[in-house]
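Here are some notes to read with the structure open beside you. They go element by element, then turn to single residues.

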Amino acid sequence: METLKWIAYEKWDGKQKEIPLFECPHCEETVATLPYDAETGQCPNCNGFLFLTDMLGFHQEMAPDSAPDTIATSYMNIHEVLLLFTGIRYYWEYKREVLSDALFVKDGPLSIRAQYSKLVNPIRRFLSYAKGQGHNIHIIGQEKSGRFYDYLEGIARQAPSGHLFIPGDKYIKLEIQCRPETGAPYGKDTNFGAKIFVKPNEFHHSVLNIPTGLYVQDPQMSDLIGAERIFATLPTLLSSRHEGGLLPIELAHGIASL
């Protein structure tokens with residue numbers, strides 16, 4: 001909860017900010033908000049009791065007497081992001097000098113979809129703010145399934161070892177998503193990390209996500225926060241147990257399987 005408040009109210013810079021208006025779960029009007037640092041409050045329209053978690057919009061995915069299976073996945077994704085940033089928040093508040101020498105690894109993409117994407121822009125602003133303060137936050141997410149993973153599987157054999165590729169908006173739409181160029185830029189509302197195809201050697205290739213801070217439609221290497229140190233560290237994290245495996249994620253899976 002403290003990490004959710006820290007992100008929602010953007011508490012890292014010491015300025016008191018209100019959270020953006022969100023849909024009230026009672027009257028379903030987008031007029032609800034909460035005072036700074038509050039966990040609960042009342043809707044100004046219907047006086048319904050509000051929780052900070054209502055901002056995320058879980059109620060928009062549920063009916064009064066039932067809920068789809070997808071809500072469990074949505075909750076898991078939010079929980080994973082909050083767990084990741086709990087570590088970052090701790091070091092930011094108590095041992096900030098450690099942050100630039102730490103690498104945070106997430107199993108899965110650096111993205112939050114649907115109504116839950118309200119957290120994306122605050123996260124981007126924090127990463128950009130931290131970079132401006134001289135504290136690069138090194139984060140990678142690894143995708144082991146999905147459209148980007150399938151695409152890399154199809155081209156990995158022809159790709160040269162020791163190389164990486166950062167697809168831009170046009171490439172993603174035309175070559176990976178197979179859709180027209182029109183519409184909003186890819187990931188503008190949902191991603192806090194850019195996609196990177198990496199092939200460090202003949203035995204490993206991965207789809208990684210690395211943050212850019214504020215959104216960049218066609219990211220370059222220089223836009224990726226801490227990219228030089230991340231890619232220098234990557235060879236030490238590779239596992240031979242699974243193709244493209246990373247040791248931190250394998251160790252976490254080993255603990256979870258118990």
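1. Against which elements do the buried residues of α2 pack? In this predicted model, they pack against two strands, β3 (103-107) and β4 (138-143), and against the helices α1 (2-8), α3 (96-99) and α4 (120-132). The buried residues of α2 are Ile71, Ser74, Ile78, Val81, Leu82, Leu84, Phe85, Ile88, Arg89 and Trp92. Note that Ser74 and Arg89 are on this list.

2. The length of α2 can be checked by simple arithmetic. The helix runs over residues 70-94, which is 25 residues, and at 1.5 Å a residue it should span 36 Å. The C-alpha atoms at its ends are 36 Å apart, so the expected and computed values agree.

3. Helix α6 covers residues 169-176, and Asp169, Ile172, Lys173 and Ile176 are buried in it. These residues lie on the same side of α6, because the arc they cover around the axis is only 120°. Their packing partners are α5 (147-155) and β6 (194-201). After α6 comes Cys178, which has a positive phi near 55°.

4. The structure has one cavity of 30 Å³ or more. The largest cavity holds about 160 Å³ of space. It is lined by 17 residues, and those closest to its centre are Tyr186, Gly193, Ala194, Tyr215 and Val216. Both α6 and β6 contribute to this lining, with at least two residues each.

5. Is His205, in strand β7 (residues 204-210), buried or exposed? Its relative accessibility is 10%, and buried means under 20%, so His205 counts as buried. The His205 side chain makes a polar contact of 2.7 Å with the side chain of Glu153. Leaving aside residues up to four places away in sequence, His205 touches Leu152, Glu153, Ala156, Val198, Lys199, Pro200, Glu243 and Gly244.

6. Two loop residues deserve a look at their backbone angles. Most residues other than glycine have a negative phi. Asp37 is not a glycine, yet its phi is positive, about 70°. Asp37 sits in the loop between α1 and β1 (40-42) and is partly exposed, with a relative accessible area of 29%.

7. Asn47 also has a positive phi, near 65°, and is a residue other than glycine. It belongs to the loop between β1 and β2 (49-51). Asn47 has a relative accessible area of 53%, and exposed means over 50%, so Asn47 is exposed.

Technical notes:
Residues are numbered from 1 along each chain as its sequence is written. This is a predicted model: local features need pLDDT of at least 70, side-chain atom pairs count only at pLDDT 80 or more; totals for chains, interfaces and linings use all residues. Side-chain values use heavy atoms; hydrogens and water are left out. Helices (H or I, at least four residues) and strands (E, at least two) are DSSP runs, numbered from the N terminus. The expected span of a helix is 1.5 Å times one less than its number of residues. Buried means under 20% relative accessible area, exposed over 50%, partly exposed in between (1.4 Å probe, protein chains only). Contact means heavy atoms within 4.5 Å. The arc is that of the directions from the helix axis to the C-beta atoms. A polar contact is a pair of N or O atoms within 3.5 Å; within protein, one must be able to donate a hydrogen and the other to accept it, and residues adjacent in sequence count only if both atoms are side-chain atoms. On a 1 Å grid over the protein atoms alone, a cavity is a set of points where a 1.4 Å probe fits but cannot get out, and a pocket is an open set with protein on both sides within 12 Å along at least five of seven lines; lining residues have an atom within 4 Å of a point. Grid points are joined across faces, edges and corners, and a volume is the space filled by probe spheres set on the points.
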